[in-house]
Amino acid sequence: MAGFRTIEGMDFAGKRVLLRADLNVPVQDGKVTDATRIERVVPTIRQIIKTGGKAVLISHFGRPKGKVDKSYSLEMVVPAIVEATGHPVGFIDTDWMNMQAPGEAIDDAPDGSILVLENTRFHPGEEENDPALVERMASLGDIFVNDAFSAAHRAHASTEGLAHKLPSAAGLAMQAELEALAAGLGAPKKPVIAIVGGAKVSTKIDLLQNLVTKVEALVIGGAMANTFLLAEGIGIGKSLAEKDMGDTVNAILAKAEKANCAIIVPIDGVVAWHFAENAPHQTYGLDAMDKDGMILDVGGQSIDRIKAAIDEAATLVWNGPLGAFETKPFDAGTTEVARHVAARTKAGKLVSVAGGGDTVSALANAGVKDDFTYVSTAGGAFLEWMEGKELPGVKALEA
């Protein structure tokens, strides 16, 4: 990962700072239900306003498809920003099409203000990175700070275009994310182990192809593991699998062998005969799998094997659960392995980086979300980073 510009040493006094935040947070009945993404941008907001700058937050919210749709207005997020910052927050009902009023409203606000502009996706040019919209946005600020790594995989007007029009830098949250990711795969302490779970191999082909060239060991979990087992001719009963992915699996295995990457798949599984909470279940070895059963979690022997591999690693990256973690007791494998990772991390023996929506939920379920070195809430951007793809929003901030 190339070096990138940061806000260290930047002079914000008297400046209008366009701060690209990720305010695309879950809302129910007009209220934010999870303010994690807002909380992560608070340190950057405070840095701007305490030095006399105006923090002018810009963000997308939902999918209004380039049209003004007040059900996607960022105004409803303002109370959560007030609560997170402990500071008054002004909302400017921005007309991105005509750009009436926002410039004057920003100029009239006193230094040290926090302002929120309306949803950038109310203009079709946001997702098209339209130069005319970029110019309009740039006219509202003196400095651009991007603190939304979760949107950095999109070359949009507010994520990539603005970085070329104003003096720009990564905010504190993005800086922390990029440094954590560099420690995970960019320039990690070796050996490195990756855990990849989830339902389908087909959605993670690029990820697996990239990881086998970067890590010493790769753990395959979830229903993806069933597809790997099936490709090797192992019976999986009625378990979820992609029967047409055999050639892809074999290509990944061949690439892993060439790169000296050990592929670790389950050697036993927790089997149930219908998918429901606390359904009757039993652990089977792969040589005696019940033909009418479904594998819904890794078994004890597999867990021990994964933990042993983790004990040999200095760095771990994780994306995707090992089983059907949302449904008890099939969260047991993911929980036990996550707690083992957390314990080694706290003991200073492991650098652990995890990300992806299901992964974050699974670590929270295990009670260890705060015990990893870094847990990314970035979703698609985190996955594309793990796939080895260039992120436009990060590329634009390179020093």
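**Exercise 1. Find where Phe-372 lies, state whether Phe-372 is buried or exposed, and describe its ring pair with Trp-318.**

Solution.

Step 1. In this predicted model, Phe-372 has a relative accessible area of 7%. Buried means under 20%, so Phe-372 is buried.

Step 2. Trp-318 has a relative accessible area of 1%, and is buried too.

Step 3. A pair of aromatic rings is described by the distance of the centres and the angle of the planes. For Trp-318 and Phe-372 the centres are 6.2 Å apart and the planes stand at 45 degrees. Planes under 30 degrees apart count as stacked and those over 60 as edge-to-face, so this pair is tilted.

Step 4. Trp-318 belongs to strand 15 (residues 315–319). Phe-372 sits in the loop between helix 13 (357–365) and strand 17 (374–376). The pair therefore ties together parts that are 54 residues apart in sequence.

**Exercise 2. Describe the ring pair of Phe-382 and Trp-385, and state how many residues apart they are in helix 14.**

Solution.

Step 1. The ring centres of Phe-382 and Trp-385 are 5.5 Å apart, with the planes at 40 degrees, so this pair is tilted.

Step 2. Both residues are in helix 14 (residues 380–386), 3 residues apart, which means about one helical turn separates them.

Step 3. Phe-382 is buried at 0% relative accessibility, and Trp-385 is buried at 11%.

Step 4. The model has 3 aromatic pairs in total; the pair of Phe-382 and Trp-385 is one of them.

**Exercise 3. Work out which residues of helix 2 are buried, and which elements they pack against.**

Solution.

Step 1. Helix 2 spans residues 78–85, and its buried residues are Val-78, Ala-80, Ile-81 and Thr-85.

Step 2. These residues cover an arc of only 160 degrees around the axis, so they lie on the same side of helix 2.

Step 3. Pro-79 and Glu-83, on the other side of helix 2, are exposed.

Step 4. The buried residues of helix 2 pack against several elements, including helix 1 (36–50), strand 4 (54–58) and strand 6 (114–117).

Step 5. Just after helix 2 comes Gly-86, with a positive phi of about 65 degrees.

**Exercise 4. Give the volume of the largest pocket and describe its lining.**

Solution.

Step 1. The volume of the largest pocket is about 600 Å³.

Step 2. Its lining has 36 residues, and Gly-198, Ala-199, Gly-222, Ala-223 and Gly-323 lie nearest its centre.

Step 3. Helix 9 (222–231), strand 12 (268–272), strand 14 (294–298) and helix 13 each give two or more residues to this lining.

Step 4. By class, 17 lining residues are nonpolar, 13 polar and 6 charged.

Conventions: Residues numbered from 1 in each chain as written. Predicted model: local features only at pLDDT ≥ 70, side-chain atom pairs only at ≥ 80, totals over all residues. Heavy atoms only, no water. Phe/Tyr/Trp six-rings, centres within 6.5 Å; stacked < 30°, edge-to-face > 60°. Helix = DSSP H or I, 4+ residues; strand = E, 2+ residues; numbered from the N terminus. Buried < 20%, exposed > 50% of the residue type's maximum accessible area, 1.4 Å probe, protein only. Arc of directions from axis to C-beta. Contact = heavy atoms within 4.5 Å. 1 Å grid on protein atoms, 1.4 Å probe; cavity = no way out; pocket = protein on both sides within 12 Å on 5 of 7 lines; lining within 4 Å. Points joined across faces, edges and corners; volume = space filled by probe spheres on them. Nonpolar A, V, L, I, M, F, W, Y, C, P; charged D, E, K, R; others polar.
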